[in-house]
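Pull up the structure and turn it around a few times before reading on. We'll walk through it piece by piece.

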Amino acid sequence: MDFLSSKRFVTTALVLLAILNVTLLGVLWWQNFVSSSYRSVEITRFYSGTSPHGGSKLDLTDQQKTAFRKLRQEHFRKTMPAVQKIIEFKEEMISEAVKPNPDQTKIAAIADSLGKRQSWLEKALALHFHELAALCTPAQRDSLEKLLSNIYTVRYQKMSSWRGRPHREDREDNHRGSIPPSVSEP
């Protein structure tokens, strides 16, 4: 009887191949779904040269690029706890809002807490922009201002152009008195 045609060898080989296939599929699944949440993302928009929003160039030196990167990392590290808390408050607000009888005072308290943290984040962002501008020459500072202005203008324009959203005049006519326009407008 030939060794390669024995039942024991064929069974063992099939079991080993099945184990290897399952292991390989597990590794591929881990790489594509689980480990993606552990990857770090490096934001290069401010020092990559050309802006996708306005074409302005910062023309940073290598030393400025390193300083920009360090300031941005510090800013994100400093603001991340507040962002996480905002996420928790929003989840809590949603949880309360979908109840059959939501507690309006609890929703108001959560909204106030969200507003305070968002205000703190906006102030921290403004100070961060100031720190970035301090690293720039006057010409670079002008380009940075245009770049940052374009980024936020485009962001809010996209938010206001969502499909199905009525135009500003329509919203004011339909909701006059319910929400002040200064609050409802981004």
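What follows goes from the overall fold to a pair of helices, and then to the residues packed inside.

Keep in mind that this is a predicted model. The chain has six helices and zero strands, so written along the sequence the pattern is simply α-α-α-α-α-α. Of its 186 residues, 20% count as buried.

Let's start with α2. This helix has 36 residues and reaches 50 Å from its first C-alpha to its last, close to the 52 Å expected at 1.5 Å a residue. Follow it along and you'll find a bend of about 40° at T79. A proline, P81, follows within four residues of that bend. T79 is also one of the buried residues of α2, along with others including F68, L71, A82, I86 and F89. The buried set isn't purely nonpolar, either: Q64, R72, H75 and E96 are among its members.

Now bring in α3. With 31 residues at 1.5 Å each, α3 should span 45 Å, and its end C-alpha atoms are 45 Å apart, which agrees. Its buried residues include I107, I110, L114, L121, L125 and F129, and H128 is on the list too.

How do α2 and α3 sit relative to each other? Their axes come within 10 Å and cross at roughly 165°. Anything over 145 degrees counts as roughly antiparallel, and α2 and α3 are therefore roughly antiparallel to each other. The crossing of α2 past α3 is left-handed.

For a concrete link across the sequence, try F76 and L125. They are 49 residues apart in sequence, yet 9.7 Å apart in space, C-alpha to C-alpha. F76 belongs to helix α2. Is F76 buried or partly exposed? Its relative accessible area is 34%, and buried means under 20%, so F76 is partly exposed. L125, on the other hand, is among the buried residues of α3.

Finally, look at what packs inside. In soluble globular proteins, nonpolar side chains tend to be buried together. Here the largest nonpolar core has 13 residues, and those with the most contacts inside it are L58, L60, F68, F129, L132, C136 and L144. Three helices, α2 (62-97), α3 (104-134) and α4 (138-160), each supply at least two residues of this core. There is also a second, separate core of six residues, which includes A82, I86, I110 and L121. Of these, A82 and I86 are buried residues of α2, while I110 and L121 are buried residues of α3.

Methods:
Residues are numbered from 1 along each chain as its sequence is written. This is a predicted model: local features need pLDDT of at least 70, side-chain atom pairs count only at pLDDT 80 or more; totals for chains, interfaces and linings use all residues. Side-chain values use heavy atoms; hydrogens and water are left out. A nonpolar core is a set of buried Ala, Val, Leu, Ile, Met, Phe, Trp, Tyr and Cys residues joined through side-chain atoms within 4.5 Å. Buried means under 20% relative accessible area, exposed over 50%, partly exposed in between (1.4 Å probe, protein chains only). The expected span of a helix is 1.5 Å times one less than its number of residues. The bend at a residue is the angle between axes fitted to the seven residues ending there and the seven starting there. Axes are lines fitted to C-alpha atoms, for helices over the stretch in contact, and angles run from 0 to 180 degrees between N-to-C directions. Angles under 35 degrees count as roughly parallel, over 145 as roughly antiparallel, 65 to 115 as roughly perpendicular and the rest as oblique. A crossing is left-handed if the near helix is turned anticlockwise from the far one by less than a right angle, and right-handed if clockwise.
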